[in-house]
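I opened this one to see what the fold has to say for itself. My notes follow in the order I looked things up.

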Amino acid sequence: MTNQVLIPCPHCNTVNRLAPERLADHGKCGKCGQPLFAGQPLTLTAANFERHAGSADLPLLVDFWAAWCGPCRMMAPVIDQAAEAFEPRLRVGKLDTEAEQGLAARFNIRSIPTLALFRSGREIARISGAMPLPQLTRWIEQSLAAT
């Protein structure tokens with residue numbers, strides 16, 4: 001029997017099972033029929049954060065940001081590019097710290113943009129500040145390799 005990878009749907013948050021060798025096929029949600037990977041960041045909220053950070057077998061890169069933050073706006077296209085480049089190996093999400101102040105406090109977010117990498121529900125790496133895609137890619141690769 002093949003191991004199954006648990007992947008929450010970015011649209012309806014239903015957890016789907018997918019064979020690891022089928023990740024590149026991107027799959028569709030068994031409940032809503034939407035693609036499991038869209039190559040763009042998902043919006044994280046208090047309602048869906050645990051599902052994507054804790055229930056998924058894929059690592060999750062979270063961009064803690066706010067609309068009023070200039071460096072966050074500069075980082076937005078880089079985060080979009082990262083989602084496109086890393087899916088289906090890694091899920092990318094954005095968490096608006098103004099709208100989700102409880103989650104920002106829970107993770108002790110003191111400056112934005114802050115990027116945190118989660119695996120199996122626990123934070124494995126964190127970095128703050130805007131950066132170009134090559135630097136972000138190196139940081140992600142190094143962080144994933146270290147765990």
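**Lys94.** I started with Lys94 and asked whether it is buried or exposed. Lys94 comes out buried, at a relative accessible area of 16%, because the cut-off for buried is under 20%. This is a predicted model, so that value, like the others here, is computed from predicted coordinates. Lys94 sits in strand β5. I then listed what Lys94 is in contact with, skipping neighbours within four places in sequence: Pro41, Leu42, Thr43 and Leu44, then Asp63 and Trp65, then Ala76 and Ile79.

**The sheet around it.** Next I wanted the strand order. The open sheet has five strands, running β3-β5-β4-β6-β7, with mixed pairing. Which strands stand at the edges? They are β3 (42-43) and β7 (122-128); each has a single partner strand, so one side of each lacks a neighbour in the sheet.

I looked at one pairing in detail. β4 (residues 60-65) and β5 (residues 91-96) pair in the parallel sense, over six bridges. To have one register point to hold on to, I noted that Phe64 has Leu95 of β5 as its bridge partner.

**Helices on the sheet.** Helix α2 (residues 70-86) packs on the sheet and touches β4, β5 and β6 (114-119). The direction of α2 makes about 155° with that of β5. Helix α4 (residues 133-146) lies across β4, β6 and β7, and runs at about 30° to β6.

**α2 against α4.** I checked how these two helices meet. Their axes, those of α2 and α4, come within 10 Å and cross at roughly 50°. The pair α2 and α4 is therefore oblique, and the crossing of α2 and α4 is right-handed. For the contact itself, α2 supplies Met75, Val78, Ile79, Gln81, Ala82 and Phe86. On the α4 side I wrote down Leu133, Leu136, Thr137, Ile140 and Glu141. Ile79 was already in my notes as a contact of Lys94.

**Met131.** I moved on to the loop between β7 and α4, where Met131 is found. Met131 is buried, with a relative accessible area of 6%. What does Met131 touch, leaving out residues up to four places away in sequence? The list is Met75, Val78, Leu115 and Leu136. Met75, Val78 and Leu136 also belong to the α2 and α4 contact. I also took one long-range distance: the C-alpha atoms of Met131 and Thr14 are separated by 32 Å, with their positions 117 residues apart along the chain.

**The hairpin.** Then I went to the hairpin formed by β1 and β2, which has six residues between its strands. β1 (residues 5-8) and β2 run antiparallel and are joined by four bridges. Val5 has Leu18 in β2 as its bridge partner. β2 (residues 15-18) has two unlike faces: Asn16 and Leu18 are on the covered one, Val15 and Arg17 on the uncovered one.

**Cysteines.** I ran a disulfide search over the whole structure, and it returned zero. Cys9 is in no disulfide; the nearest cysteine sulfur is that of Cys32, 3.6 Å away. Cys9 is buried at 0% relative accessibility. Cys29 is in no disulfide either, and its nearest cysteine sulfur, that of Cys12, is 3.6 Å away. Why do these not count? A disulfide needs the two sulfur atoms within 2.5 Å, so a 3.6 Å separation does not qualify. Cys29 is buried too, at a relative accessible area of 4%.

**Backbone oddities.** Last, I went through the peptide bonds and phi values. Glu87 and Pro88 are joined by a cis peptide bond, with omega about 10°; Pro88 lies in the loop between α2 and β5. Ile112 and Pro113 are also joined by a cis peptide bond, with omega about -5°. Pro113 is in the loop between α3 (101-106) and β6.

Asn108 is in the loop between α3 and β6. Asn108 has a phi near 55°, positive although the residue is not glycine, and is partly exposed at 42%. Asn13, in the loop between β1 and β2, has a positive phi near 70°. Asn13 counts as partly exposed, at 22% relative accessibility.

Technical notes. Residues are numbered from 1 along each chain as its sequence is written. This is a predicted model: local features need pLDDT of at least 70, side-chain atom pairs count only at pLDDT 80 or more; totals for chains, interfaces and linings use all residues. Side-chain values use heavy atoms; hydrogens and water are left out. Buried means under 20% relative accessible area, exposed over 50%, partly exposed in between (1.4 Å probe, protein chains only). Two strands pair if DSSP finds at least two bridges between them. Contact means heavy atoms within 4.5 Å. Axes are lines fitted to C-alpha atoms, for helices over the stretch in contact, and angles run from 0 to 180 degrees between N-to-C directions. Angles under 35 degrees count as roughly parallel, over 145 as roughly antiparallel, 65 to 115 as roughly perpendicular and the rest as oblique. A crossing is left-handed if the near helix is turned anticlockwise from the far one by less than a right angle, and right-handed if clockwise.
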